[in-house]
Amino acid sequence: MKQSLIIALDFPDLLQTETFLKQFHSEKLAVKVGMELFYQNGPSIVSFVKEQGHDVFLDLKLHDIPNTVKMAMTGLAALGADMVNVHAAGGQKMMEAAMEGLDKGTSAGKKRPLCIGVTQLTSTSQEQMNAEQNIAGSLEDSVLHYANLTRQAGLDGVVCSTHEVKNIHERIGHEFLTVTPGIRSAGGQTHDQKRIATPEQARDFGADAIVVGRAITGAADPLRAYLDMKAAWEGISC
Ligand SMILES: O=c1ccn([C@@H]2O[C@H](COP(=O)(O)O)[C@@H](O)[C@H]2O)c(=O)[nH]1
């Protein structure tokens, strides 16, 4: 999923998902199935999207005791998603257990899904982190701390905002994936996001993938919005 623009399929049902995807004709997409779609439709939504030829990031952000996460990941590995994730705040042992579960659930001859750790949600601001999570210091340090922990646990990368990408790549390495939500066109509505960036900024800072939801799914012409975002992300002028 490197260098992808991942569309967040934040829809409640299969019909809306199907109608949305039809607009892209035969374009092979990278999409994200999150809690809204997964919890209301069940695991078959992953095979439904995969059967249409799209890459799937299953964004369920697991966060529980190590054994529970391990068992859950064993089940998720069998669904055929290309990438899954956990909350890094669950700790190193929990993330190691997630990897064990994924290895166990991946059928022989198949590739294990990539696994990444959510650092600080892009809807979290510096002030919120200090006051509500009772974490002192800068948000950038907290993200780097979680990125290091994620790396030590053997995961493939992190979810972070575009603003922390450069620091993570410089300190941990460029092969460590940075997947960045909170992407908006210049002047676009921010909604509940706090650490936002444009696709051009994401590219300049070296993000490995961007996640775009409402700026595409809520647009009057989603295909046009997708093509414009993709061109901006890839540095192509239309
Ligand atoms: O830190 C995070 C982790 C995940 N997300 C998810 O990405 C999309 C973003 O949607 P927009 O409509 O583009 O804001 C959404 O599915 C989130 O669950 C995130 O935003 N931040």
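Reader: Hi! Let's start with H3: which exposed residues sit on the face turned away from its buried side?
Author: Happy to help! That face of helix H3 carries Ser-44 and Glu-51, both exposed. Keep in mind that this is a predicted model.

Reader: Thanks! And which residues of H3 are buried?
Author: Ile-45, Val-46 and Val-49 are the buried ones in this helix, which covers residues 44–51. Viewed down the axis of H3, they fall within an arc of 105°, so they line one face of the helix.

Reader: Nice. What covers those buried residues?
Author: The cover includes two helices, H1 (14–22) and H2 (35–41). Strands E2 (30–34) and E3 (55–62) are also part of it.

Reader: What does the backbone do at Gly-53, just after H3?
Author: Gly-53 adopts a positive phi there, of about 90°.

Reader: Switching topic: at what angle do the axes of H7 and H8 cross?
Author: At roughly 40°, with the axes coming within 10 Å. H7 spans residues 139–152, while H8 spans 165–172. Angles from 35 to 65 degrees fall in the oblique class, and the two helices are therefore oblique to each other.

Reader: Is that crossing left-handed or right-handed?
Author: Right-handed, for H7 and H8.

Reader: Cool, and which residues meet there?
Author: From H7 you have Glu-140, Leu-144, Ala-147, Asn-148 and Arg-151. On the H8 side, they meet Asn-167, Ile-168, Arg-171 and Ile-172.

Reader: How many of the residues in that contact are nonpolar, polar and charged?
Author: The contact of H7 with H8 has four nonpolar residues, two polar and three charged.

Technical notes
Residues numbered from 1 in each chain as written. Predicted model: local features only at pLDDT ≥ 70, side-chain atom pairs only at ≥ 80, totals over all residues. Axes fitted to C-alpha atoms, helices over the stretch in contact; angles between N-to-C directions. Helix = DSSP H or I, 4+ residues; strand = E, 2+ residues; numbered from the N terminus. Parallel < 35°, antiparallel > 145°, perpendicular 65-115°, else oblique. Left-handed = near helix turned anticlockwise from the far one by under 90°. Contact = placed C-beta atoms within 7 Å. Nonpolar A, V, L, I, M, F, W, Y, C, P; charged D, E, K, R; others polar. Buried ≥ 20, exposed ≤ 12 C-beta atoms within 10 Å, placed from the backbone. Arc of directions from axis to C-beta.
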